[in-house]
Amino acid sequence: MITSHAVRAAVHDSFDRVVNDLTELVAIPSVSAAGHDPAQVSRSAEHVAALLRDAGLEARVASVQGPNGPGRPAVLAHGDGPTGSPRVLLYAHHDVQPVGDPDKWRQADPFVAERRGDRLFGRGTADDGAGVISLVHALRLAAELNGGQLPCSVTVFIEGEEEVGSPSFETFLETYREQLDADVIVVADSSNWRVGVPALTTSLRGVVQVDVRLEVLDHALHSGQYGGPVIDAVTAMCRLVATLHDERGDVAVDGLVSHPAAAPGYPDYPESDFRNDAGVLDGVELVGTGDLTARLWTKPALSVIGMDVTPLRVAGNVLAPSCTARLSLRIAPGQDPAGALASLEAHLEAHTPFGAKLTVCAGELGPAFDGTAQTPAGRAAHWALTEAFGTEAVNIGQGGSIPFIATLKETFPQAQVLVTGIEDPDTRAHSEDESMHLGDLERIVAAEVLLLARLGGAVAD
């Protein structure tokens with residue numbers, strides 16, 4: 001039987017190897033976004049497959065035909081546990097975000113991992129290189145500590161296009177449905193509550209993205225000669241966007257689901273901690289009503305994430321004839337994305353100023369996730385996290401979206417889905433100076449070993 005002490009000791013003794021493998025993975029610039037070298041994503045997939053083979057699993061690179069062409073390469077691996085043991089599907093992704101502004105990184109090359117204090121910096125150190133590497137070493141150690149065999153049957157799915165919206169995900173699931181079918185699904189791509197405080201993510205907001213275009217003229221006009229009776233399209237857009245929130249800052253779109261109270265068991269989030277974590281400037285007020293965690297996790301949020309306007313360097317004295325804004329609406333658990341889109345479109349149509357011509361083009365529609373129900377796998381995960389971290393695990397929500405989790409639940413309705421944490425409030429995933437706290441990485445590997453052992457009945461309490 002595997003003991004918590006043995007697991008923690010084994011992870012600690014081999015942790016230099018864990019960090020080295022993460023450093024080598026970060027060195028592969030596996031950016032899946034258009035305009036970047038797709039060969040690096042293929043290289044990353046082959047590298048991960050080799051790591052899983054070295055951990056004792058059968059592994060191969062696989063891809064499917066997506067809706068807009070071939071999907072980016074993923075990795076499929078499998079290891080058998082004892083006959084009749086639970087089937088566990090472990091998910092992470094090996095693709096990463098672009099580096100952003102290189103001048104905002106403290107290191108010369110974001111793909112050369114750099115250790116500073118307790119953190120390892122570099123693109124993909126946390127999202128989701130740490131997820132990949134933690135699974136690799138958890139599987140290696142689980143087998144070593146269990147007499148050479150995994151305590152339960154495990155399939156590993158390491159995706160290669162999560163950072164671009166997983167366009168071929170559904171096709172991949174259908175193609176490899178039999179191999180991926182599981183009793184428990186563990187998604188290693190979320191966040192912990194704090195450094196040293198582990199968490200299970202039990203709710204995720206969904207997402208509705210639209211491009212909104214307003215047209216007021218058939219060509220640009222001199223702002224002095226025609227300004228007054230004619231309003232420019234940018235000002236019209238500003239007036240329209242301003243209707244999306246009420247005077248308190250809550251989303252003012254009728255028909256959206258909202259849960260203003262925090263879910264039972266969610267931790268308290270002091271405003272001072274949130275302001276520090278988010279980098280809110282002194283004097284800037286927080287908006288909205290209800291519990292702070294509810295505003296983050298279980299109420300809708302609506303943001304302008306892009307707008308086509310004339311840059312200052314080329315601005316002239318003209319009235320813009322058209323303007324397009326991209327809106328990102330995060331929807332609460334229990335909200336249907338199609339219904340949220342219809343409500344948003346109705347609001348925009350009802351509040352379009354001065355008869356401007358409105359065009360709404362829908363983009364991503366991603367469902368929310370509600371995993372608040374107690375399950376045996378959830379209890380096992382809480383135990384494993386608490387044992388590994390030495391601190392009681394908590395349940396949290398996430399304001400961001402992982403739409404494919406809903407797809408997993410639809411495809412494998414009998415499976416218990418767990419969303420586990422890799423990141424922390426200082427990780428800066430998707431931003432410059434992304435990093436992973438190495439103390440947490442060590443504890444995460446231990447937690448994953450303990451979870452597999454607990455699920456397989458191979459752990460001694």
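# A walk through pockets, cavities and salt bridges

Our first stop is the second largest pocket, whose lining has seven nonpolar, 10 polar and three charged residues. Keep in mind as you click along that this is a predicted model.

**Stop 1: the second largest pocket.** This pocket holds about 280 Å³ of space. To centre your view, select Gly 371, Ala 373, Thr 375, Val 417 and Leu 418, the closest to the pocket's centre of the 20 residues that line it. Then colour strand 11 (199-204), strand 18 (369-370), helix 12 (376-389) and strand 20 (416-423), the elements that each give two or more residues to the lining. Strand 20 has the largest share, with four residues.

**Stop 2: the loop after helix 12.** Follow the chain to Gly 390, in the loop between helix 12 and strand 19 (394-398). Gly 390 counts as exposed because its relative accessibility is 64%. Now add Gly 196 to the selection: the two glycines are 194 residues apart in sequence, yet their C-alpha atoms are 8.4 Å apart in space.

**Stop 3: the largest cavity.** Time to look inside, where a search of the whole structure finds four cavities of 30 Å³ or more. The largest has a volume of about 160 Å³. Select Val 186, Thr 420, Ala 447, Glu 448 and Leu 451, which are the closest to its centre among the 17 lining residues. Helix 4 (129-145), helix 12, strand 20 and helix 14 (438-455) are the elements that give two or more residues to this lining. Helix 14 provides the largest share, five residues. By class, the lining of the largest cavity has 13 nonpolar, three polar and one charged residues.

**Stop 4: the second largest cavity.** Here you will find about 80 Å³ of space. Of its 13 lining residues, Leu 25, Ser 30, His 94, Val 96 and Gly 124 are the closest to the centre. Show helix 2 (15-26) and helix 4 as well, since each supplies at least two residues of the lining. The lining of the second largest cavity divides into five nonpolar, six polar and two charged residues.

**Stop 5: salt bridges.** Side chains of opposite charge can pair when their charged atoms come close. Across the whole structure, 20 salt bridges are found; here are three to visit.

- Select Glu 271 and Arg 275, whose side chains meet in a salt bridge at 3.6 Å, N to O. Both lie in helix 9 (residues 271-278), four residues apart, about one turn of the helix. Glu 271 is partly exposed, at 44% relative accessibility, whereas Arg 275 counts as buried because its value is 18%, under the 20% cut-off.
- Move to Asp 246 and Arg 248, where the closest N and O atoms of the salt bridge are 3.2 Å apart. Asp 246 is partly exposed at 23%, and Arg 248 is partly exposed at 48%. Add Asp 250 and Lys 299 to see the network of salt bridges that links these four residues.
- Finish with Glu 215 and Arg 213, a salt bridge with its closest N and O atoms 4.0 Å apart. Glu 215 is partly exposed, with a relative accessible area of 25%, and Arg 213 is partly exposed at 33%.

**Stop 6: a nonpolar patch.** Back on the surface, select Val 304, Met 307 and Val 309, which form a nonpolar patch with about 210 Å² of accessible area together. Met 307 is found in strand 14 (residues 301-308) and counts as partly exposed because its relative accessibility is 33%.

Conventions. Residues numbered from 1 in each chain as written. Predicted model: local features only at pLDDT ≥ 70, side-chain atom pairs only at ≥ 80, totals over all residues. Heavy atoms only, no water. Patch = residues over 30% accessible without salt bridge, like charges linked within 9 Å, V, L, I, M, F, W, Y side chains within 5 Å. Areas by Shrake-Rupley, 256 points an atom, 1.4 Å probe, with all protein chains shown as cover. Buried < 20%, exposed > 50% of the residue type's maximum accessible area, 1.4 Å probe, protein only. 1 Å grid on protein atoms, 1.4 Å probe; cavity = no way out; pocket = protein on both sides within 12 Å on 5 of 7 lines; lining within 4 Å. Points joined across faces, edges and corners; volume = space filled by probe spheres on them. Nonpolar A, V, L, I, M, F, W, Y, C, P; charged D, E, K, R; others polar.
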